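Trainee: I have this model open on my screen and would like a close look at one part of it. Please pick a region, start from the whole, and show me how that region connects to its surroundings.

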Amino acid sequence: ACSKGVLLLVDPRQTISQISLAHAVFGFVAVTCVILSGFIWLLISSRSEQLTTAALDNAVRLRTESAAENLARTLHSDWHDLQQLASMIGTHSDNEITALMAGLQGDGSRISWVGLADTAGNVRYASGNMLVGQDVSSRPWFRGGLRGGFAGDVHEAVLLASLLPETAEGDVPRFIDLALPVRDEAGEVTGVLGMHIDAAWLKRQLSETAETLNIDLFLVAADGSVSLWTTEADPGSSGLAIMRAAQAGVAASDRETWPDGKDYFSILVPSVTYDDLPNFGWRVVGRLEAASFAPAMQDALGTIGAVVLSAISLLAGLTAIFVYLFVRPIEALAQTATRIANGDEEFPPERGNTREIAQLSAAVARIQEQRDYRPSAADVS
């Protein structure tokens with residue numbers, strides 16, 4: 001440049017970028033961390049709904065299946081006791097049979113009645129002698145028991161209604177039934193042995209299981225009506241897709257809004273069976289509120305965030321170590337070379353942490369030696 005006859009020479013070395021190599025490395029790592037963190041967050045955000053749905057579906061499925069199996073196992077123990085009692089009839093006296101029935105009934109909190117009717121439907125033996133001599137030929141448990149193992153859905157007491165106290169709510173007692181034929185040594189049917197299990201006990205059992213598993217349970221009959229439930233209100237069929245599936249008896253799962261206005265994930269277990277327990281025709285519907293996993297998802301996101309921050313902190317620390325070991329020596333060598341170029345008598349370091357640093361240091365040293373060497377006239381001649 002020329003101004004007023006003065007020639008200004010601009011040293012091109014003064015236009016060198018002021019960004020240091022260390023800053024460039026830190027900047028690269030920082031930008032990479034920001035991009036990766038944003039990508040991870042977008043991925044998690046887009047998948048969180050899918051993850052929540054999958055987790056809820058799996059939780060409802062496992063808990064409902066567990067509840068159905070637990071219920072079937074419990075009732076199977078009563079079925080096994082009834083089979084044992086049936087095998088003893090014909091080899092014991094009348095008093096012994098009555099005593100065995102009383103022992104099977106216990107305190108009546110679980111089993112309300114045990115009785116034996118002949119093939120004509122007349123009760124011959126019964127716990128507490130209840131219904132002895134009465135005709136039960138029209139009762140479903142008797143008709144089903146004549147044909148083989150029978151399990152009956154929840155129903156109100158009919159013949160026993162006047163013999164048993166009302167429930168705490170003032171309602172008529174309700175039962176589920178188990179029955180099977182009694183055979184003689186020739187294999188001929190001689191009667192039907194029946195058992196009435198208190199439905200109130202069954203509901204308590206179902207409610208305890210639901211509370212343990214933290215899930216709502218509904219015992220649905222073959223016609224789609226709800227026999228027992230663990231919630232405060234009977235949902236009825238309510239046009240719910242899961243209840244329609246229960247009526248069809250097809251395994252299903254769904255997310256829908258129930259009559260209480262809340263969204264639930266629900267699943268249907270199409271049968272309640274275990275071993276040789278007769279089929280009651282029940283289906284079990286389990287449901288879990290869709291929002292119930294929100295805190296867990298927030299915790300998971302928080303955990304992921306903490307892991308990402310920890311990874312960024314670790315990467316920052318490793319980057320600082322890398323800069324200290326490999327970048328700072330290059331900067332120091334550059335500063336030394338600058339001072340040498342400015343005329344300072346300084347010898348560059350001969351060693352470095354990398355081969356490139358050592359080569360640069362050696363090259364600067366050779367340049368310095370060539371600059372310091374001034375050949376004499378005799379040397380030139």
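Mentor: Happy to. Let me begin with a definition: accessible areas here come from the Shrake-Rupley method with a 1.4 Å probe. With that probe, the accessible surface of the protein comes to about 21,700 Å², and 56% of that surface belongs to carbon and sulfur atoms. Please keep in mind that this is a predicted model. The protein has eight helices and 12 strands. Out of 381 residues, 36% count as buried. If you take contacts between residues at least 6 apart in sequence, 57% of them join residues at least 24 apart.

For our close look, I choose strand 7 and what surrounds it. Strand 7 covers residues 189-198. Eight of its 10 residues are buried, so strand 7 is largely enclosed by the rest of the structure. "Buried" here means under 20% relative accessible area.

Now for the pairing partners. Strand 6, residues 174-183, pairs with strand 7 in the antiparallel sense over nine bridges. To find that pairing on your screen, look for A179, whose bridge partner in strand 7 is G194. Strand 6 and strand 7 also make a hairpin, with five residues between them. In that turn, G187 has a positive phi of about 90°. Strand 3, residues 111-118, is joined to strand 7 as well, by seven bridges, and these two strands also run antiparallel. A good landmark for this pairing is W113, which has H196 in strand 7 as its bridge partner.

Next comes helix 3, which spans residues 140-147. Its buried residues are W141, F142, G144 and G145. They pack against strand 3, strand 6 and strand 7, and also against strand 5 (150-156). So which residue of helix 3 is worth a closer look for its burial? Try G144, which has a relative accessible area of 5%. With that value under the 20% cut-off, G144 counts as buried. The C-alpha atom of G144 is 9.1 Å from that of V192, although the two residues are 48 apart along the chain. V192 belongs to the 189-198 stretch of strand 7. Just after helix 3 you will find G148, with a positive phi near 150°.

Moving on along the chain, helix 4 takes in residues 199-213. Q205 sits in this helix. At 17% relative accessibility, Q205 counts as buried, because the cut-off is 20%. Leaving aside neighbours within four places in sequence, Q205 is in contact with N70 and T74. Both of those residues fall in the 21-88 range of helix 1.

Helix 1 also takes us to the surface. A nonpolar patch of about 450 Å² is made there by L36, F39, I40, L43 and I304. Helix 1 gives the largest share of this patch, four residues. I304, on the other hand, is in helix 6, residues 294-341. At 33% relative accessibility, I304 counts as partly exposed.

Helix 6 holds a contrasting residue too, T336. With a relative accessible area of 5%, T336 is buried. Apart from neighbours within four places in sequence, T336 is in contact with E346 and P348. The C-alpha atoms of T336 and S361 are 9.4 Å apart, with their positions 25 residues apart along the chain.

Finally, for comparison with the pairings around strand 7, look at the open sheet of five strands, in the order 9-8-12-11-10, with antiparallel pairing. Its edges are strand 9 (226-229) and strand 10 (252-257), each pairing on one side only. On average, neighbouring strands of this sheet are turned by 25° against each other, direction ignored. Strand 8, residues 216-220, is joined to strand 9 by three bridges, and V220 has V226 as its bridge partner. At the other edge, six bridges join strand 10 to strand 11, residues 263-269. There, R255 is partnered with F265. Strand 10 and strand 11 form a hairpin with five residues between the strands, and G261 takes a positive phi near 85° in it.

Terms used:
Residues numbered from 1 in each chain as written. Predicted model: local features only at pLDDT ≥ 70, side-chain atom pairs only at ≥ 80, totals over all residues. Heavy atoms only, no water. Patch = residues over 30% accessible without salt bridge, like charges linked within 9 Å, V, L, I, M, F, W, Y side chains within 5 Å. Salt bridge = Lys/Arg side-chain N within 4 Å of Asp/Glu carboxyl O. Buried < 20%, exposed > 50% of the residue type's maximum accessible area, 1.4 Å probe, protein only. Pairing = 2+ DSSP bridges. Axes fitted to C-alpha atoms, helices over the stretch in contact; angles between N-to-C directions. Contact = heavy atoms within 4.5 Å.
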